[in-house]
Amino acid sequence: MKNRSIQRRCAMFIFALLGMSSVMKIANAQSYPNKPITLVAPYSAGGDSDFSGRNLAAVATKYINQPLIVQNIVGASGTIGSQKVRTSPPDGYTLLIARGGSQAISPALDSKTPYKWNDFTFIAILDLNPVACVVKSDSKYKTMKELLAAIRAEPGKLNYASAGSGTTQHLAVEVALNASNLPSSAALMIPYKSGGEATTALLSNQVDFICNNLPTLAGQIKGGTVRALMVSTPERLKDFPDVPTGRDLGLLQFEEVMGWSGLYGPPGLPSEVVNKWVEVLKKVAQDPAWARGNETAGAIAAIRSPAETEVFARQQVELYEKLGNTLGLRK
């Protein structure tokens, strides 16, 4: 009898502990977030990840009820900041503004990337960024055909800026050259730390042209400091009706290049945290300020579910693996 009594007490104690554990999990889920959240932008200020992070922070703060702090952690084509998030505690307080370059292109093309494309918790796609090829407004090249003709006439003379090897800015030029039957060596790439720095390099006459994500360039195009020669959308953009598409110019392959931003977490992020963000982002998607922020910068608002985000990310990796094989860019 005494043994049975002890067994009953032990069982009751274990059940009590399990109950407390469940209560604590529920309490933790309900209390998230209870402190500021860091959004790591893996490229420097002024670039596309920086824009997406700050655009999200400006709108989502009122729905998440905590400050959203954008932190730029730059280097190695976005992989340093991405790796920082991957190794952070999975508590929802350090999240990544994922970019196509760091999360799809690098894993697809560079075997030294310190993570796989799916080594993260997928939360959402935030926006899509068409790519535009531009020159300074005082450039002698008035059209994309003129620029490509100059590259063909003197291979290796003209140069362009990118946010690093294997980024959207790099691959966009590679695709444009390939579609024009020109080798990679026809134009010289000069790497910088972000799309913003690449744009600055063009404005300061350090390079001849760039193909960059439109959110980084929209202000300069509208302000007349740069001239857009081509965009990667299938149809001309409403805000830039005079800029031809790759399709218009017979460079259909250029449509395959599209920048994007997403919201990722470290691996093992609790479902309660993911669900909280899904709830918040549903409200963000309906907020006019979110739409205005994207439209002003030339981005396309495109919030998607975690499952849709994973499918999209996988398709992006497969696309760049294919392009990498075609263009001989895998290493």
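**Exercise 1. Is Asp50 buried or exposed, and which residue does its side chain meet in a salt bridge?**

Solution.
Step 1. Asp50 has a relative accessibility of 8%, so this residue counts as buried. Keep in mind as you work that this is a predicted model.
Step 2. Now look for the partner: the side chain of Asp50 meets that of Arg54 in a salt bridge, with 2.9 Å from N to O.
Step 3. Place the two on the chain. Both Asp50 and Arg54 belong to helix H2 (residues 48–64), and they are four residues apart, about one turn of the helix.
Step 4. Check the surroundings of the partner too: Arg54, at 42% relative accessibility, counts as partly exposed.

**Exercise 2. Find the residue that meets Lys62 in a salt bridge, and say which parts of the chain the pair ties together.**

Solution.
Step 1. Start with a general idea: side chains of opposite charge can pair when their charged atoms come close.
Step 2. The side chain of Lys62 meets that of Asp287 in a salt bridge, at 2.9 Å from N to O.
Step 3. Lys62 sits in helix H2, while Asp287 sits in the loop between helix H9 (271–285) and helix H10 (288–297), so the salt bridge ties together parts that are 225 residues apart in sequence.
Step 4. Asp287 has a relative accessible area of 7%, so Asp287 is buried.

**Exercise 3. At what angle do H2 and H9 pack, and which residues make the contact?**

Solution.
Step 1. The angle between H2 and H9 is about 115 degrees, and their axes are 9 Å apart.
Step 2. Their crossing is right-handed.
Step 3. On the H2 side, the contact is made by Leu56, Val59, Ala60, Tyr63 and Ile64. On the H9 side, look for Lys276, Trp277, Val280, Leu281, Lys283 and Val284.

**Exercise 4. Where do Arg236 and Asp248 lie, and how do their side chains meet?**

Solution.
Step 1. The structure holds seven salt bridges, and one of them brings together the side chains of Arg236 and Asp248, at 2.9 Å from N to O.
Step 2. Both Arg236 and Asp248 are found in the loop between strand S8 (226–231) and strand S9 (258–265), 12 residues apart.
Step 3. Compare each with the cut-offs: partly exposed lies between 20% and 50% relative accessible area. Arg236 has 44%, so it is partly exposed. Asp248 has 42%, so Asp248 is partly exposed as well.

**Exercise 5. Which cysteines form a disulfide, and what is its handedness?**

Solution.
Step 1. The count comes to one disulfide, and it joins Cys133 to Cys211, with 2.0 Å from S to S.
Step 2. Cys133 is in strand S4 (residues 121–136) and Cys211 in strand S7 (residues 210–213); the pair links distant parts of the chain, 78 residues apart.
Step 3. The torsion about the S-S bond is about 100 degrees, so this disulfide is right-handed.
Step 4. Cys133 has a relative accessible area of 1% and is buried. Cys211, at 1% relative accessibility, also counts as buried.

**Exercise 6. Describe the setting of Asn129: in which strand is its place, and what does it touch?**

Solution.
Step 1. You will find Asn129 in strand S4.
Step 2. With a relative accessible area of 0%, Asn129 is buried.
Step 3. A polar contact of 2.8 Å joins its side chain to that of Asp127.
Step 4. Leaving aside residues up to four places away in sequence, Asn129 touches several others, among them Asp48, Arg99, Asn213, Trp260 and Ala299.

Conventions. Residues are numbered from 1 along each chain as its sequence is written. This is a predicted model: local features need pLDDT of at least 70, side-chain atom pairs count only at pLDDT 80 or more; totals for chains, interfaces and linings use all residues. Side-chain values use heavy atoms; hydrogens and water are left out. A disulfide is a pair of cysteine sulfur atoms within 2.5 Å. Helices (H or I, at least four residues) and strands (E, at least two) are DSSP runs, numbered from the N terminus. Buried means under 20% relative accessible area, exposed over 50%, partly exposed in between (1.4 Å probe, protein chains only). A polar contact is a pair of N or O atoms within 3.5 Å; within protein, one must be able to donate a hydrogen and the other to accept it, and residues adjacent in sequence count only if both atoms are side-chain atoms. Contact means heavy atoms within 4.5 Å. A salt bridge is a side-chain nitrogen of Lys or Arg within 4 Å of a carboxyl oxygen of Asp or Glu. Axes are lines fitted to C-alpha atoms, for helices over the stretch in contact, and angles run from 0 to 180 degrees between N-to-C directions. A crossing is left-handed if the near helix is turned anticlockwise from the far one by less than a right angle, and right-handed if clockwise.
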